[in-house]
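Open your viewer and keep the selection box handy. We will go from stop to stop, choosing a few residues at a time and looking at what surrounds them.

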Amino acid sequence: MFESAEIGHAIDKDTYEAEVPALREALLEVQYELQQQKRFPVIILINGIEGAGKGETVKLLNEWMDPRLIEVRTFDQQTDEELARPPAWRYWRQLPAKGRMGIFFGNWYSQMLQSRVHGQIKDARLDQAIAGAERLEKMLCDEGALIFKFWFHLSKKQMKARLKALADDPLHSWRISPLDWQQSQTYDKFVHFGERILRRTSRDYAPWHVIEGVDAHYRSLTVGKILLEGLQNALKLPKGKASGMNPAPLPSAVDQMSLLNSLDMTLSLDKDDYEEQLITEQARFSGLMRDKRMRKHALVTVFEGNDAAGKGGLSAGWQQRWTRASITSCRLPRPPRMNVPSLTCGGSGRKSRHAASSPCSTARGTAACWWSASKASAPRPTGCAPMARSMTLKSNCVTRA
């Protein structure tokens, strides 16, 4: 999920210097309005890769805004007093008051992530900590708090290059700590478990914002604009109403660069290499489909994208070449241009009315690949019930319970 933060986001110096004055003025105005209204506190969680600009960003926010209204909190190893109390106690007592902003370094995510990376806890304990963090944030948001969660990211190569550059600079070498070098050795584990945590805890009331940390101009503008938009939207809410969700929408990149438009369309694979890798992956896939644990699950593969990009070929390839697994294919037609009732899934495991009766539903222990038709008038295979296009995005709706 960090691919979008490894594509080279950057802002040139002239653009940065042209946008910063107006951004700083707007941030100060919204900060003073927050202090005057005193309706809710603002909590900013700082996490991510060492060397990705976490400290620089906090320093910049104190420079751009009024530091008298910002409380920066850091959390290291738990004291005996903290160990004798519930895990959230050490954070709860440091929460900012209404009308103020609190920046948390070494927060509850840092604690659980470092413990899991270094083997101090197992997956079960990590899941418990994740569930505890979700409960804490939901409670805070229900009480009206506004939470921003930032993950500052660098690729493994970028991290090593940044650490080397700092180490070679006599004016900044002091900034490198033993933790920085240690994380360079455990980068893969850190990213693996970090991705697991972010997927579980990114919610509408407190979503994660993944920021590429290579370019300082891009990083600073992105964080500033996210904070500004979130605070402005929260202050527009009716008085006395707890937000219950983070009113800051996920923003588009300030440099207008996205993962899709950065894809290398010239990549290719030699036919001999393809055939060799295909045999290996077919064997792996077949073994996984025969695993006894698969009997409790159904697998749905959805192909989506531009027309003529190979969706149909991929679907046919799965059905023809991966024959040792139980795979079916269904081409989903585009719905006609009319008001089509949306298909939803209930949290209690209820199936959609259309999906429950659909011959294209997937049984446990089998796999299905779905792909959408390129034209609304394309014929539908015999036995496929008409479905809304949105169903392809909700594959869990059509998996038999």
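This tour of a predicted model visits a nonpolar core, a cavity, a group of rings and a strand residue.

**Stop one: the core**

Begin by selecting Val42, Ile44, Ile49 and Phe150. In the largest nonpolar core, which has 72 residues, these four touch the most other members. Now colour helix H10, residues 216-235: this helix gives the core its largest share, nine residues. As background, nonpolar side chains in soluble globular proteins tend to be buried together.

Zoom in on Ile49 next. Which residues is isoleucine 49 in contact with, leaving aside its neighbours within four places in sequence? The list runs through Lys54, then Trp151, Phe152, His153 and Leu154, followed by Met159, Gln183, Tyr187, Phe190 and Val191. Keep Trp151 displayed, as this residue also belongs to the lining at the next stop.

**Stop two: the cavity**

A search of the whole structure turns up one cavity of 30 Å³ or more, and the volume of the largest cavity is about 30 Å³. To see its walls, select Asn47, Tyr109, Ser110, Leu113, Trp151, Gly194, Ile197 and Leu198. Helix H5 (108-117) and helix H9 (187-201) each contribute at least two residues to this lining. How many of the lining residues are nonpolar, polar and charged? Five are nonpolar, three are polar and none is charged.

**Stop three: the rings**

Across the model there are 10 aromatic pairs. Show Tyr91 and Trp108 as sticks: tyrosine 91 and tryptophan 108 make an edge-to-face pair, 5.2 Å centre to centre with 80 degrees between the planes. The two partners are 17 residues apart and link distant parts of the chain, with tyrosine 91 in helix H4 (residues 89-92) and tryptophan 108 in helix H5. Both tyrosine 91 and tryptophan 108 are buried.

Now add Tyr109. Its ring and that of tryptophan 108 have centres 6.3 Å apart and planes at 50 degrees, so this pair is tilted. Tyrosine 109 counts as buried because its relative accessibility is 2%; for tryptophan 108, also buried, the value is 6%. For the wider view, select Phe75, Tyr91, Phe104, Trp108, Tyr109, Trp151, Phe190 and Trp208, which ring pairs link into a cluster.

**Stop four: a strand residue**

Finish at Glu71, in strand E2 (residues 70-73). Is glutamate 71 buried or exposed? Glutamate 71 counts as buried because its relative accessibility is 16%, and the cut-off for buried is under 20%. Leaving aside neighbours within four places in sequence, glutamate 71 has contacts with Gln94, Pro96, Arg100, Met101, Gly102 and Ile103.

How values were computed: Residues are numbered from 1 along each chain as its sequence is written. This is a predicted model: local features need pLDDT of at least 70, side-chain atom pairs count only at pLDDT 80 or more; totals for chains, interfaces and linings use all residues. Side-chain values use heavy atoms; hydrogens and water are left out. A nonpolar core is a set of buried Ala, Val, Leu, Ile, Met, Phe, Trp, Tyr and Cys residues joined through side-chain atoms within 4.5 Å. Buried means under 20% relative accessible area, exposed over 50%, partly exposed in between (1.4 Å probe, protein chains only). Helices (H or I, at least four residues) and strands (E, at least two) are DSSP runs, numbered from the N terminus. Contact means heavy atoms within 4.5 Å. On a 1 Å grid over the protein atoms alone, a cavity is a set of points where a 1.4 Å probe fits but cannot get out, and a pocket is an open set with protein on both sides within 12 Å along at least five of seven lines; lining residues have an atom within 4 Å of a point. Grid points are joined across faces, edges and corners, and a volume is the space filled by probe spheres set on the points. Ala, Val, Leu, Ile, Met, Phe, Trp, Tyr, Cys and Pro count as nonpolar, Asp, Glu, Lys and Arg as charged, and the others, Gly among them, as polar. Rings of Phe, Tyr and Trp (its six-membered ring) pair if their centres lie within 6.5 Å; planes under 30 degrees apart count as stacked, over 60 as edge-to-face and the rest as tilted.
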